[in-house]
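Here's a quick briefing to read with the model open beside you. It goes through sheets, cores, a cavity and a couple of single residues.

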Amino acid sequence: MERHLIALDLDGTLLDNNQQISEFTKETLRKVQDLGHLVVIATGRPYHASIDYFYEVGMTGPLITDNGGNIREPLNPDFQIVIDGIPTWVAHQIFVYSKPYLESAFYSYGDHVYSYKYLDRLHSIFMGSQKAKIVHCDFLEYNHTPTGMIYLIDKSFKQSFENHLINDFGDYVNFRLWGEDTKHGIYEIYKRGSSKLSGIRWVQRHNQIKDENVMAFGDGLNDIEMLQGVAQGYAMPNGELEAKHAAKAVIEFTNQEDGVAKFLKNYFKI
C-alpha cells in the first residue's frame, strides 16, 4: 500500500473523555507507523499541551499544533519551526478595541501562555489539563505574532466585536464563536488562511504524499476545514454535527471506544 498521511485531532478524537490514550490505540498507531505510514497529531492545543502525547504514542514525524499555526519535528533538532501567526499590529489593535469589554483572554507563544485577566476555566477548555508557565500581562507589553487568541467578550459587545474583525481585519484574521452563556461569547481568533488543513498540506508536501492518501480524523468545529479538504476526512460519531456534515464519512466507534484505532486496524488490515 502506498504511504499515507494520517492526521489526528486530540480532544474528542484520539483522547478519551479522561484525556487518555488507550494501550490498544497506542499499539495500533505504532503498527501503522511500522507499515511506513506517517501518523501526526493535528490539534488546536499549543505545543506544550500536545508534546507528551506525541512521545506517549511514539510518533516520529511532525507535530501540528495551534490549529495549524505551529509545525515542529520534535525528534529533528535541525528542523526549522514553521510559525503562521497573526501580525503583531493586528493583535494589538484587536486587543485595544475590545479591552473595555474583555472578561478574559489568552494566547500561546513559544512555550508560555500569555493571559489578560486569567481564568482557569477558560484555559482548561482549550488546553486541557496541561499547565504551562502563565505570563499575566497586558498584550501590548509584547510584540508577539500569536498563532491564535481566545477572547471572552461581553455579550452586549459581540456584534460590534465581530464587525470589527470582519470589516477592519478581514484580510488578516478569521474567527470562530465557540460558545456563549448569558453574559459572554467565547471567540477564537486566528490568522486568515491558517488552519489544521494548511498544516496538513505543508506536511503532505514536505513528505511527498499523494492527495488521495491523506486521511484526517476529527470531531470539532476547528476540524471542519481539514475534514472537508482532505481526500479521506472522517468524523467521530461523538463529534459536532457540523463536523459530521463536513466529513466524507462518520466512523463507527466513538473516542471512548478506540474509534480511530479500530478504523485504522481494519483499513490497513493490521
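## Sheets, cores and a cavity

Five strands make up an open sheet in the order E2-E1-E12-E13-E14, and the pairing is parallel. Keep in mind as you look around that this is a predicted model. The rest is grouped by topic below.

**The five-stranded sheet**

- E2 and strand E14 (249-250) sit at the edges with a single partner strand each, so one side of each has no neighbour in the sheet.
- E12 and strand E13 (residues 232-235) run parallel and are joined by four bridges.
- If you want a spot to zoom in on, glycine 218 has alanine 235 in E13 as its bridge partner.

**The largest nonpolar core**

- This core counts 25 residues, and Ile6, Leu8, Phe217 and Leu264 are the ones that touch the most other members.
- At least two residues each come from strand E1 (5-8), helix H1 (10-14), helix H2 (23-34), strand E2 (38-41), helix H3 (51-57), strand E12 (214-218) and helix H10 (259-267).
- H3 is the top contributor to this core, giving four residues.
- Leaving out residues up to four places away in sequence, leucine 264 touches Ile6, Leu29, Val32, Met215, Phe217, Lys269 and Ile270.
- Another core lies apart from this one: it has 23 residues, including Val135, Met149, Phe157 and Val173.

**Strand E7 and its partners**

- Strand E7 (residues 112-116) is mostly covered, with four of its five residues buried.
- On one hand, E7 pairs with strand E6 (residues 102-109) in the antiparallel sense over five bridges.
- E6 and E7 make a hairpin with two residues between them, and glycine 110 in the turn has a positive phi of about 65 degrees.
- On the other hand, E7 pairs with strand E8 (residues 133-136) in the parallel sense, over four bridges.
- Valine 113 is a handy residue to follow here: in E7 it stands opposite serine 108, and its bridge partner in E8 is isoleucine 134.

**The cavity**

- How many cavities of 30 Å³ or more does the structure hold? There is one, and the largest cavity has a volume of about 50 Å³.
- The residues lining the largest cavity are Thr88, Ala91, His92, Tyr107, Phe139, Tyr142, His144, Pro146 and Met149.
- Helix H4 (residues 88-98) gives the most to that lining, with three residues.
- Sorted by class, the lining of the largest cavity has six nonpolar and three polar residues, and no charged ones.
- Met149 turns up twice in this tour, as one of the residues of the 23-residue core and as part of the cavity lining.

**Two residues to click on**

- Glutamine 204 is part of helix H7 (residues 196-207).
- Is glutamine 204 buried or exposed? Its relative accessible area is 5%, so glutamine 204 is buried, as the cut-off is under 20%.
- Setting aside neighbours within four places in sequence, glutamine 204 is in contact with Leu5, Ile209, Lys210, Asp211 and Val214.
- Histidine 245 belongs to helix H9 (residues 241-246).
- Histidine 245 counts as exposed because its relative accessibility is 63%, and exposed means over 50%.
- From histidine 245 to proline 74 you cover 171 residues in sequence and 34 Å in space, C-alpha to C-alpha.

Methods: Residues are numbered from 1 along each chain as its sequence is written. This is a predicted model: local features need pLDDT of at least 70, side-chain atom pairs count only at pLDDT 80 or more; totals for chains, interfaces and linings use all residues. Side-chain values use heavy atoms; hydrogens and water are left out. Buried means under 20% relative accessible area, exposed over 50%, partly exposed in between (1.4 Å probe, protein chains only). A nonpolar core is a set of buried Ala, Val, Leu, Ile, Met, Phe, Trp, Tyr and Cys residues joined through side-chain atoms within 4.5 Å. Contact means heavy atoms within 4.5 Å. Two strands pair if DSSP finds at least two bridges between them. On a 1 Å grid over the protein atoms alone, a cavity is a set of points where a 1.4 Å probe fits but cannot get out, and a pocket is an open set with protein on both sides within 12 Å along at least five of seven lines; lining residues have an atom within 4 Å of a point. Grid points are joined across faces, edges and corners, and a volume is the space filled by probe spheres set on the points. Ala, Val, Leu, Ile, Met, Phe, Trp, Tyr, Cys and Pro count as nonpolar, Asp, Glu, Lys and Arg as charged, and the others, Gly among them, as polar.
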